[in-house]
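Please have the structure open in your viewer, with the sequence panel beside it, and follow the stops below in order. Each stop says what to select and then what is there.

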Amino acid sequence: VDPDAVFFPDRLRGILVVHTHQPDRSLYVTNCLKLGSPVFYNPIEPFSRAALRTFFDNRQKCLDLLPLGTLAEAEFMSRCMDMLGVGHVLADNLLSDLRCTHSPCSDGIKVAYYNYSGWVLWQK
């Protein structure tokens, strides 16, 4: 989770509980449905342990084949995970972000609220 996001871990556990009964299942969670396609934005980047094992065991393939210098972190990771055969699930209720779906912190639903850089924004 990015430091300028307001994060509620209990909400994340509640959303992901349906995916936690298979400890060897390799997946990551896309957090926005934009233009009909699932997108992976970086304020919150949930990966299963198996997905991270897959990445660390095979990251050189991604470094060799993906244009690292031109991709943002989240785009690199989602493309790498896809390349390595890691599955993904869409949880478009995870993130409040102006790039996707924005809602106030008081909605009581989202897992993370982004971009709250600075004390004045955090106090709201």
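**First stop: Leu-95 and the sheet around it**

Select Leu-95, which is buried, with a relative accessible area of 0%. The model is a predicted one, and the values quoted along this tour are computed from it. Leu-95 belongs to strand β6, and once neighbours within four places in sequence are set aside, its contacts are Asn-31, Tyr-41, Pro-43, Ile-44, Thr-101, Lys-110, Ala-112 and Tyr-114. To see how the fold brings distant parts of the chain together, draw the C-alpha distance from Leu-95 to Asn-31, which is 6.3 Å although their positions lie 64 residues apart in sequence.

Now show the strands as a cartoon and select β1, β7 and β6, which form an open sheet of three strands in that order, with mixed pairing. The edges are held by β1 (5-7) and β6 (95-96), each of which has a single partner strand, so one side of each is left without a neighbour in the sheet. Moving to the junction of β1 with strand β7 (residues 112-114), you will find antiparallel pairing over three bridges. Within this pairing, the bridge partner of Phe-7 in β7 is Ala-112.

**Second stop: the nonpolar cores**

Which residues have the most contacts inside the largest nonpolar core? Select Leu-12, Val-29, Ile-44, Leu-94, Leu-95 and Val-111, since these are the ones with the most contacts in a core of 15 residues. At least two residues of this core come from each of α1, β2 and β7. A second core, separate from this one, has 14 residues, among them Leu-66, Phe-76, Cys-80 and Met-81.

Keep Ile-44 selected and display what surrounds it: leaving out neighbours within four places in sequence, Ile-44 is in contact with Val-1, Phe-7, Leu-12, Asn-31, Leu-95, Val-111 and Ala-112.

For a contrast in exposure, select Arg-13, which is placed in helix α1 and is exposed, with a relative accessible area of 54%. Its C-alpha atom is 9.3 Å from that of Val-111, a residue 98 places away in sequence.

**Third stop: strand β2 and its partner**

Next select β2 (27-30) and look at each face in turn. Leu-27 and Val-29 lie on one side, Tyr-28 and Thr-30 on the other, and these four residues are all buried, which leaves both faces of β2 covered. Add strand β5 (residues 87-90), with which β2 pairs in the parallel sense over four bridges.

Is Thr-30, a residue of strand β2, buried or exposed? At 2% relative accessibility, Thr-30 falls under the 20% cut-off, and therefore counts as buried. Its bridge partner in β5 is Leu-90. Not counting residues up to four places away in sequence, Thr-30 touches Pro-38, Val-39, Phe-40, His-88, Val-89, Leu-90 and Ala-91. A longer line can be drawn from Thr-30 to Arg-79, with 12 Å between the C-alpha atoms and 49 residues of separation in sequence.

**Fourth stop: helix α3**

Select helix α3 (residues 73-83) and colour its buried residues, which are Ala-74, Phe-76, Met-77, Ser-78, Cys-80 and Met-81. These buried residues of α3 pack against β2 and against α2 (49-65). Just after the helix, at Gly-85, the backbone takes a positive phi of about 85°.

**Last stop: the largest pocket**

Finally, display the surface and turn to the largest pocket, which holds about 460 Å³ of space. Its lining is made by 15 residues, and those closest to its centre are His-19, Thr-20, Phe-47, Ser-48 and Arg-49. Both α1 (9-16) and β2 supply at least two lining residues, and α1 gives the largest share, three residues. By class, the lining is made up of eight nonpolar, four polar and three charged residues.

End on Thr-20, which sits in the loop between α1 and β2 and, at 54% relative accessibility, counts as exposed. The C-alpha atoms of Thr-20 and Ser-48 are separated by 8.5 Å, while along the chain these two residues are 28 residues apart.

Methods. Residues are numbered from 1 along each chain as its sequence is written. This is a predicted model: local features need pLDDT of at least 70, side-chain atom pairs count only at pLDDT 80 or more; totals for chains, interfaces and linings use all residues. Side-chain values use heavy atoms; hydrogens and water are left out. On a 1 Å grid over the protein atoms alone, a cavity is a set of points where a 1.4 Å probe fits but cannot get out, and a pocket is an open set with protein on both sides within 12 Å along at least five of seven lines; lining residues have an atom within 4 Å of a point. Grid points are joined across faces, edges and corners, and a volume is the space filled by probe spheres set on the points. Ala, Val, Leu, Ile, Met, Phe, Trp, Tyr, Cys and Pro count as nonpolar, Asp, Glu, Lys and Arg as charged, and the others, Gly among them, as polar. Buried means under 20% relative accessible area, exposed over 50%, partly exposed in between (1.4 Å probe, protein chains only). Two strands pair if DSSP finds at least two bridges between them. Contact means heavy atoms within 4.5 Å. A nonpolar core is a set of buried Ala, Val, Leu, Ile, Met, Phe, Trp, Tyr and Cys residues joined through side-chain atoms within 4.5 Å.
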